[in-house]
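Me: Please take a close look at one sheet of this model, and go through its order, its edges and its cover with care. Once that part is clear, please add a view of the other sheet and its surroundings.

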Amino acid sequence: MIDTFDALRAALAGTVLVPGDPDYDGARLIWNGAIDRYPAVVARCTSPADLAEALACARERGLDVAVRGGGHGYWGAAVPENGLMIDLSPLDSVVVDPGARRARVGGGATLARLDAACQEHGLAVPAGTVSHTGVGGLTLGGGFGWLTPLHGLSIDNLESAEVVLADGSCVRASADEHPDLFWALRGGGGNFGVVTEFEFRLHPVGPIVHLGLMFVEQDRAAHAIRTAREAFRSVPPGISPGIACISAPPAPFVPEQHHSAPGVALMIVGFGTAQEHAAALAPVRDALGPLFEAVLPLPYVALQQMLDEGSFWGVRSYTKGLYLDELPDAAVDVLAERLPGRASPLSQVLIFPFGGAFARVADEDTAFGGSRSMRYLVAIEGTSPDPGTYDHDRRWVRDTWDALRPVATGPGGYVNLMAEVDDRTLRATYGSGKYERLARIKAQYDPANVFRANANIKPA
Ligand SMILES: Cc1cc2nc3c(=O)[nH]c(=O)nc-3n(C[C@H](O)[C@H](O)[C@H](O)COP(=O)(O)OP(=O)(O)OC[C@H]3O[C@@H](n4cnc5c(N)ncnc54)[C@H](O)[C@@H]3O)c2cc1C
């Protein structure tokens with residue numbers, strides 16, 4: 001017989017869903033269609049008080065707890081089999097104070113909401129590159145996006161956070177209040193509590209920004225990546241580059257005869273004037289000789305949605321990331337050799353050159369898993385709606401990752417791009433000093449390891 005969790009239903013202002021309820025399937029399914037688990041109960045929490053009730057229920061019944069922010073965690077950390085799924089999607093408000101350049105953002109908000117609300121005032125905070133991603137998981141792991149070279153990671157712009165702890169109490173973490181917790185939240189993931197509200201510092205951005213995309217066919221991939229490496233060694237302020245090994249999307253700015261063509265797109269986003277953007281594009285174009293290019297002004301919110309369609313809800317996806325200090329010829333050769341091996345046009349390798357504001361933050365200032373001296377973040381993604389193609393490309397991701405490992409910076413990688421997490425990789429990601437500090441803070445704020453459905457830091 002299905003447990004209907006009547007006491008929890010009565011205690012919560014939000015909705016409680018169990019198997020058989022009409023909205024249950026909609027609530028348990030997350031972005032990654034490869035994840036198909038059945039929680040015993042889903043608690044849609046609307047406030048810290050709801051969270052305290054849900055956590056008490058899990059404690060009394062000995063249920064595993066998982067927290068869903070935007071539901072984009074690659075390995076489905078948000079959905080516990082037979083456990084309690086805390087769904088933060090009702091906590092999606094974004095309140096902007098344009099005078100103070102601050103935004104207070106609900107723990108279940110999406111980037112789309114964040115960007116739209118901030119852009120009403122010509123403001124923005126660095127966040128990810130796909131707008132249906134959740135602010136919650138993205139921020140707690142670090143959070144990079146097009147604004148990172150200009151303004152750092154999302155965590156570098158975090159002013160404070162309201163957190164419900166494992167015992168149901170609610171605290172505010174900032175530089176002055178619970179400073180250790182505040183440090184740990186900035187990179188340590190969802191290990192320490194449920195963040196019901198993030199407060200971000202904002203920057204003037206847009207509303208119009210400039211996109212330059214230059215595409216080269218796949219058999220010239222090595223040339224394209226080497227050209228990008230030279231061109232992006234030092235990029236002018238206000239410019240944010242990316243290298244996307246993709247299949248050309250059927251977008252209006254792609255000539256029809258090149259739709260679905262596999263290749264490499266060098267992307268150069270300009271946050272300054274059109275002239276500054278054009279000046280940054282010119283030498284790249286000369287060195288690259290693109291098959292086609294698109295240069296266009298677009299609203300910042302459209303830039304943030306540009307990659308949404310290639311990562312649609314329900315698609316199956318397996319992703320592994322690594323950091324590189326350099327992009328040596330050995331790495332370029334591995335990529336050029338392995339790119340033709342992907343079966344799905346949605347599978348891709350994305351390379352984001354860092355530096356700039358990202359590198360100006362000291363390693364010890366935040367709990368971010370990775371060094372600020374790292375130059376490239378590489379995401380290898382196997383993505384397909386078709387199970388067979390997905391299985392093939394999952395192997396392709398693993399093999400490509402293995403092949404790149406010898407040139408990577410250490411054995412760790414970005415916690416938010418881990419399709420699987422193991423203790424050894426996690427320790428390597430943070431380094432022993434940071435990991436041990438995180439473990440001590442974990443022991444203080446979550447000694448029973450209630451929040452363990454994540455890249456889990458074990459309490460010291
Ligand atoms: C299509 C796609 C594009 C992406 N692009 C980028 C990118 O450009 N930049 C980038 O940095 N990352 C990117 N990522 C990775 C992304 O940051 C992680 O997948 C992140 O975990 C997503 O957060 P979420 O809240 O949507 O996910 P969820 O699955 O809801 O949560 C992930 C983890 O965070 C915890 N969590 C979430 N919200 C809270 C909260 N409020 N309080 C406490 N714990 C919480 C969960 O418990 C879980 O452990 C992308 C992922 C996808 C799928």
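Reply: What follows goes through the chosen sheet strand by strand and then turns to the other one.

The model is predicted, so to speak of local features requires a pLDDT of at least 70 and side-chain atom pairs count only at pLDDT 80 or more, while totals for chains, interfaces and linings use all residues. Residues are numbered from 1 along each chain as its sequence is written, and side-chain values use heavy atoms, with hydrogens and water left out.

The sheet in question is an open one of seven strands, which follow the order 15-12-14-13-17-18-16 with antiparallel pairing; strands (E, at least two residues) and helices (H or I, at least four) are DSSP runs numbered from the N terminus, and two strands pair if DSSP finds at least two bridges between them. Its edges are taken by strand 15 (292–299) and strand 16 (316–324), each of which has a single partner strand, so one side of each is left without a neighbour in the sheet. On average, and with direction ignored, neighbouring strands of this sheet are turned by 15° against each other, where axes are lines fitted to C-alpha atoms (for helices over the stretch in contact) and angles between N-to-C directions run from 0 to 180 degrees.

At one edge, eight bridges join strand 12 (residues 208–217) to strand 15 in the antiparallel sense, and within this part of the sheet Ile208 faces Pro299 of strand 15. Helix 8 (residues 221–231) packs on the sheet, where it touches strand 12, strand 13 (239–247), strand 14 (262–270) and strand 18 (376–384), a contact being heavy atoms within 4.5 Å. The direction of helix 8 makes about 20° with that of strand 14.

Strand 17 (residues 348–353) is mostly covered, since six of its six residues are buried, that is, under 20% relative accessible area (exposed is over 50%, partly exposed in between; 1.4 Å probe, protein chains only). Gln348, Leu350 and Phe352 point one way from strand 17, whereas Val349, Ile351 and Pro353 point the other way, and the residues of both sets are buried. On the side of strand 13, strand 17 is held in antiparallel pairing over three bridges, with Ile351 of strand 17 as the bridge partner of Ile243. On the side of strand 18, the antiparallel pairing of strand 17 runs over six bridges, and here Val349 stands opposite Ile380 of strand 18.

Ile380 also leads on to the other edge, as this residue of strand 18 is the bridge partner of Lys320. Strand 16 and strand 18 pair antiparallel over nine bridges. Although strand 16 stands at an edge of the sheet, eight of its nine residues are buried, so strand 16 is largely enclosed by the rest of the structure.

The other sheet is also open: it has five strands in the order 5-6-10-8-9, and its pairing is antiparallel. Strand 5 and strand 9 (170–174) stand at its edges with a single partner strand each, so one side of each has no neighbour in the sheet. Here too, neighbouring strands are turned by 15° against each other on average when direction is ignored. Strand 6 and strand 10 (residues 194–201) run antiparallel and are joined by five bridges, and Val105 stands opposite Phe198 of strand 10.

Val105 also belongs to the largest nonpolar core, which has 43 residues; together with Leu181 and Leu185, Val105 touches the most other members. Such a core is a set of buried Ala, Val, Leu, Ile, Met, Phe, Trp, Tyr and Cys residues joined through side-chain atoms within 4.5 Å. Leaving aside residues up to four places away in sequence, Leu185 touches Thr139, Leu140, Ile155, Ala161, Val163, Ala173, Phe192 and Val195.

Helix 4 lies across strand 5 and strand 6, and runs at about 25° to strand 5. Spanning residues 111–119, helix 4 has Leu111, Leu114, Asp115, Ala117, Cys118 and Gln119 as its buried residues. Their cover includes strand 5 (94–97), strand 6 (102–106) and strand 7 (123–124), along with helix 5 (135–141) and helix 10 (300–305).
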